[in-house]
Amino acid sequence: MSDEAVDVVVIGLGPGGESAATKLAQAGLSVVGVDQRLVGGECPYYGCIPSKMVIRGADVLAEGRRIPHLAGTSTVTSDWTPVHLRIRDEATTDWDDKVAVDRLVEAGVTFVRGPGRLTGPRTVSVDGRSFTASRGVLLNTGTEPAAPPITGLAGTPYWTNRDVLRADELPGSLVVIGGGAIGAELAQGLARFGVAVTVVEVASRILAPEEPEASALVASVFEREGIEVLTGASIGSVAYDQGLFAVTLGPRTLQADRLLVAAGRRPNLGAIGLDTVGLDPKARSVDVDGRMRAGDGLWAIGDITGKGAFTHMSMYQSAIAVRDILGQDGPEAAYRAVPRVTFTDPEVGSVGLTEQGARDRGLRVRVGVTDLSTSTRGWIHRAEGLIKLVEDADRGVLVGATSVGPTGGEVLSMLTTAIHAEVPTSTLTSMIYAYPTFHRAVEDALAHLA
C-alpha cells in the first residue's frame, strides 16, 4: 500500500468537517476529505433541513386551522406529497451529494469515498490507500441513530428519523419511542398531517433536558392536539406482524402501523482506530482542549466531542480548529452559552444552564418567569409560551435562559448574547425593549427575578 503525503486529512464531512476541509484547502494546504456516507452529513439529508420542511408544512396547516379563532372560516386538508417532493427534490436531490462533492473539489479538496481509519499518529487509511498528514488529522465522524435494547425491537422494520424523512407516504398511526427533540418535532409534525401519534418516553417528562415548565407546556399542547403522551414508561417488548407493530408497556399494548425510534444517538468512534493514537475506542466522546486538540497532530470537532450534538456546535468548533491548524490567533472555545432549539409549536429555545443545573453547580440562583400570553404581542397572537431566566445572583449575570413561543428560537438570540458576553443583569433591565414584541417579555421576566 503506497503512502501519500498531504498536509491535513479530514475524516467525516458533515457540516463542520466540510467547512474545515474547504477553508484549509483555500488557505493553500493539501487536504484530503474522507467520508463513506453523504458529504454534508446528517443535517442536510436526514436532520435539520428536511425535518424543518416537515415542521414548516405542519405549522402552515396549524395556522390554517386557527383562522376561525382569529379571522374567519377555513377548511384545511393535509397532503404529504408537497413535503416529500420538496425534501427529495429541493433539499436532498434524491439523497445525492454530487453538488456537495463538486463544491469540495472545486475548493481544492481531494475527496475520497470510504471508511477512514487512523493507523497511527498523522496517518489514515481508506480502502487500501494510505495518507500521512504533515500537520495532522481532523476527526468529525458524528453520530448515528441508536436503538435501545428492547426485547424484539432489532428484528422489526422500525423507523429512525432517516426513514421518516424519506417516506413518500405517511402511515395511519405511529408510536414514537423517545420524547426528546427529534421525537417531539416529528411526532407533532406528522400528527398535524393526520397521523394518530403516541409518544412513549421512559423519563418522567418529554423534553427532559429542558426546564420543567417548557416540558409541561409542550406536553399540554400535544395532548390538546390529540397526541397521546406516555411518560415514565417501561417498555417490555416490541413485535411486528402482518404490517402492524405492537409495543408492550406493562399491561397495555400499543398497536400502530409504524414505529419511530428516536431514543438518542451513538458516536461513530469504534471503528476509526482511536487505539492507534492512544485513545479509547469505547469512549462516548473524544476529549479536546480549547483549540479542539485531541492529541499531537489530532483535532476533533462536532458530536464526538460531547459538547452538544448540534450543527452550530460543529461549525463553531470547526472554525477554532482551522485557526489552530493554520497557526492563527483567536479565542478558545467557550461553552457557557450553548444555544439549542426544539422546533415544536411552540418552539423551545434554551441556552446555558437550567435552574436545576445552576443549583447543582452550587450557584446562588435567582429565577424570573413570565407567561408569554401576558405580553401584549402574546395576547394579540393568542400565543402560548414563557420566558424563564436563571441568574447567578452573586455575579449579577444570567447563566441560563429558556424562550418558549411562536418565535422562541429567535427571541433566544438576545439571551444567548447576554449569557455569552456576561452582560450584567442591571444592564439588561435598563435597556429599551421594542413594543409590542415577543422579546419584550424578557423585560418582564427580568422584573420577576427572585
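Buried or exposed: which is Phe245? Phe245 is buried, at a relative accessible area of 1% (buried means under 20% relative accessible area, exposed over 50%, and partly exposed in between, using a 1.4 Å probe and protein chains only). A quick note before the panels: this is a predicted model, where local features need pLDDT of at least 70 and side-chain atom pairs count only at pLDDT 80 or more, while totals for chains, interfaces and linings use all residues. Residues are numbered from 1 along each chain as its sequence is written, and side-chain values use heavy atoms, with hydrogens and water left out.

**View 1. Tyr240 and Phe245 form a tilted ring pair.** The structure holds three aromatic pairs (rings of Phe, Tyr and Trp, the last by its six-membered ring, pair if their centres lie within 6.5 Å; planes under 30 degrees apart count as stacked, over 60 as edge-to-face and the rest as tilted). In this one, the ring centres of Tyr240 and Phe245 are 4.6 Å apart and the planes make 50 degrees, so the pair is tilted. While Phe245 is buried, Tyr240 is partly exposed, at 36% relative accessible area.

**View 2. Three strands make an open antiparallel sheet.** The strand order is β11-β12-β13 (strands are DSSP runs of E with at least two residues, helices are runs of H or I with at least four, and both are numbered from the N terminus; two strands pair if DSSP finds at least two bridges between them). At the edges sit β11 (237–241) and β13 (252–256), each pairing on one side only. Between β12 (residues 244–249) and β13 there are five bridges, and the two run antiparallel. If you want one bridge to look at, try Val247, whose partner in β13 is Leu254.

**View 3. Trp80 and Phe193 meet edge-to-face.** This is another of the three aromatic pairs. The ring centres of Trp80 and Phe193 lie 5.3 Å apart with planes at 90 degrees, so the pair counts as edge-to-face. Trp80 comes from the loop between α3 and α4, and Phe193 from the loop between α7 and β9 (196–200), so the contact ties together parts 113 residues apart in sequence. Both rings belong to buried residues: Trp80 has 7% relative accessibility and Phe193 has a relative accessible area of 10%.

**View 4. Helix α7 is largely enclosed.** Nine of the 11 residues of α7 (residues 181–191) are buried, so the rest of the structure largely encloses this helix. Among the buried ones are Gly183, Glu185, Gln188 and Leu190.

**View 5. Helix α9 and what covers it.** α9 (residues 311–325) has 15 residues and reaches 21 Å from its first C-alpha to its last, close to the 21 Å expected at 1.5 Å a residue (the expected span is 1.5 Å times one less than the number of residues). Its buried residues include Met313, Gln317, Ile320, Val322 and Asp324. Their cover includes β1 (3–11), α1 (15–26), β6 (129–139), β16 (293–295) and β17 (298–300). Just after α9, Gly327 takes a positive phi of about 75 degrees.

**View 6. Cys48 and its contacts.** Cys48 sits in helix α3 (residues 48–70) and is partly exposed, with a relative accessible area of 30%. Leaving out residues up to four places away in sequence, Cys48 touches Cys43 and Thr311 (contact means heavy atoms within 4.5 Å).

**View 7. Two arginines over aromatic rings.** The charged end of Arg162 sits over the ring of Tyr46, 5.7 Å from its centre (a charge sits over a ring if NZ of Lys or CZ of Arg is within 6 Å of the ring centre and within 35 degrees of the ring normal). Arg166 lies over the face of Trp95, at 4.3 Å from the ring centre.

**View 8. Backbone oddities in the loops.** Most residues other than glycine have a negative phi, and most peptide bonds are trans. Thr93, in the loop between α4 (81–91) and α5 (98–106), has a positive phi near 50 degrees. Arg382, in the loop between α11 (376–381) and β21 (386–392), has a positive phi of about 55 degrees. Thr93 is partly exposed at 44% relative accessible area, while Arg382 is exposed at 61%. Cis peptide bonds turn up too: one joins Asp345 and Pro346, with omega about 10 degrees, and another joins Tyr435 and Pro436, with omega about -10 degrees. Pro346 lies between β18 (339–342) and β19 (347–352), and Pro436 between α13 (425–429) and α14 (441–447).
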